[in-house]
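Biologist: I'd like to get a feel for this one before class. Can we go through it step by step?

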Amino acid sequence: MAVTGAILVLFLLGHMAGNLKSFFGAEAFNTYAEFLRTMGEPLVPRRVLLTLVEVVLTASVVLHMWSAVSLARRARKARPVKYAAKRKSQAGGYATHIMRWGGLTILLFVVWHLLDLTFGVVNPAGWDGTPYEKLVEGFAPSRWWVTAFYVLAVVMVGLHLRHGLWSAFQTLGLAGSRSYRPLKAVAAVVSAVLVLGFLVVPVAVMIGVIK
């Protein structure tokens with residue numbers, strides 16, 4: 001779970017950086033989108049590297065979900081009888097609900113996101129629209145509900161990521177007595193940067209900065 005989570009975090013950072021290209025105009029954003037499809041040319045055919053990235057990401061998502069289910073089952077088998085005393089803990093409260101329901105929200109959002117901005121099935125610009133046109137049309141003020149869902153999903157990603165990063169540091173043996181607070185701060189900062197980085201684009205479209 002920690003390793004696949006790390007792969008997904010790296011993807012999110014790269015994806016966020018690419019989204020911010022939209023502030024430099026249609027040409028810069030469309031050029032970036034085209035670069036993703038032509039990476040490695042002429043050494044490798046068009047879209048081969050992008051396809052490999054997509055395969056790795058899909059495998060990471062599937063393995064990440066499988067790990068979550070497997071760990072939950074192992075936890076239940078290890079402790080089939082509930083504790084007699086009710087204790088408030090991070091694992092049994094806020095974190096559990098965020099990771100469980102946040103993960104489901106993120107999964108639904110990813111499906112919508114692909115149908116909207118990648119394939120153009122539910123986007124006003126359609127399949128033939130340029131990446132920039134899909135972005136602007138997708139977050140147009142008239143489609144405020146799409147932006148609202150996007151905001152909810154990104155916030156869930158941030159909360160999921162904050163707890164996930166911290167858990168990964170612990171799982172990989174990096175969180176010692178001296179590094180406890182710094183690594184917890186790193187998890188919070190990375191999560192906040194990603195949330196702000198992803199939200200600034202749809203907000204900019206909504207208020208007309210990106211148009």
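**Surface and inside**

Biologist: Which label fits Leu104, buried, exposed or partly exposed?

Modeller: Leu104 has a relative accessible area of 40%. Buried means under 20% and exposed means over 50%, with partly exposed in between (1.4 Å probe, protein chains only). So Leu104 counts as partly exposed.

Biologist: Before we go on, what should I know about the numbers?

Modeller: This is a predicted model, where local features need pLDDT of at least 70, side-chain atom pairs count only at pLDDT 80 or more, and totals for chains, interfaces and linings use all residues. Residues are numbered from 1 along each chain as its sequence is written, and side-chain values use heavy atoms, leaving out hydrogens and water.

Biologist: How many helices does the protein chain have?

Modeller: Helices (H or I, at least four residues) and strands (E, at least two) are DSSP runs, numbered from the N terminus. The pattern along the sequence is α-α-α-α-α-α-α, with 0 strands. The helix count is 7.

Biologist: Which helix supplies the largest share of the nonpolar patch?

Modeller: Patches use residues with over 30% relative accessible area and no salt bridge (a Lys or Arg side-chain nitrogen within 4 Å of an Asp or Glu carboxyl oxygen); like charges are joined within 9 Å, and nonpolar side chains (Val, Leu, Ile, Met, Phe, Trp, Tyr) within 5 Å. This patch covers about 1,100 Å² (Shrake-Rupley method, 1.4 Å probe), and Leu104, Val61 and Trp127 are among its residues. Helices α3 and α4 (94–118) each supply at least two residues. The largest share, 7 residues, comes from α4.

Biologist: Ser67 is in helix α3 (residues 48–78); which residue's backbone oxygen does its side chain reach?

Modeller: Ser67 is buried, because its relative accessible area is 12%. A polar contact is a pair of N or O atoms within 3.5 Å; within protein, one must be able to donate a hydrogen and the other to accept it, and residues adjacent in sequence count only if both atoms are side-chain atoms. At 2.7 Å, the Ser67 side chain reaches the backbone oxygen of Leu63.

Biologist: How far apart are the end C-alpha atoms of residues 49–72?

Modeller: UniProt (unreviewed entry) lists residues 49–72 among its "transmembrane region" features, though annotations there may be inferred rather than shown by experiment. The span is 100% helix and 0% strand. Its end C-alpha atoms lie apart by 35 Å.
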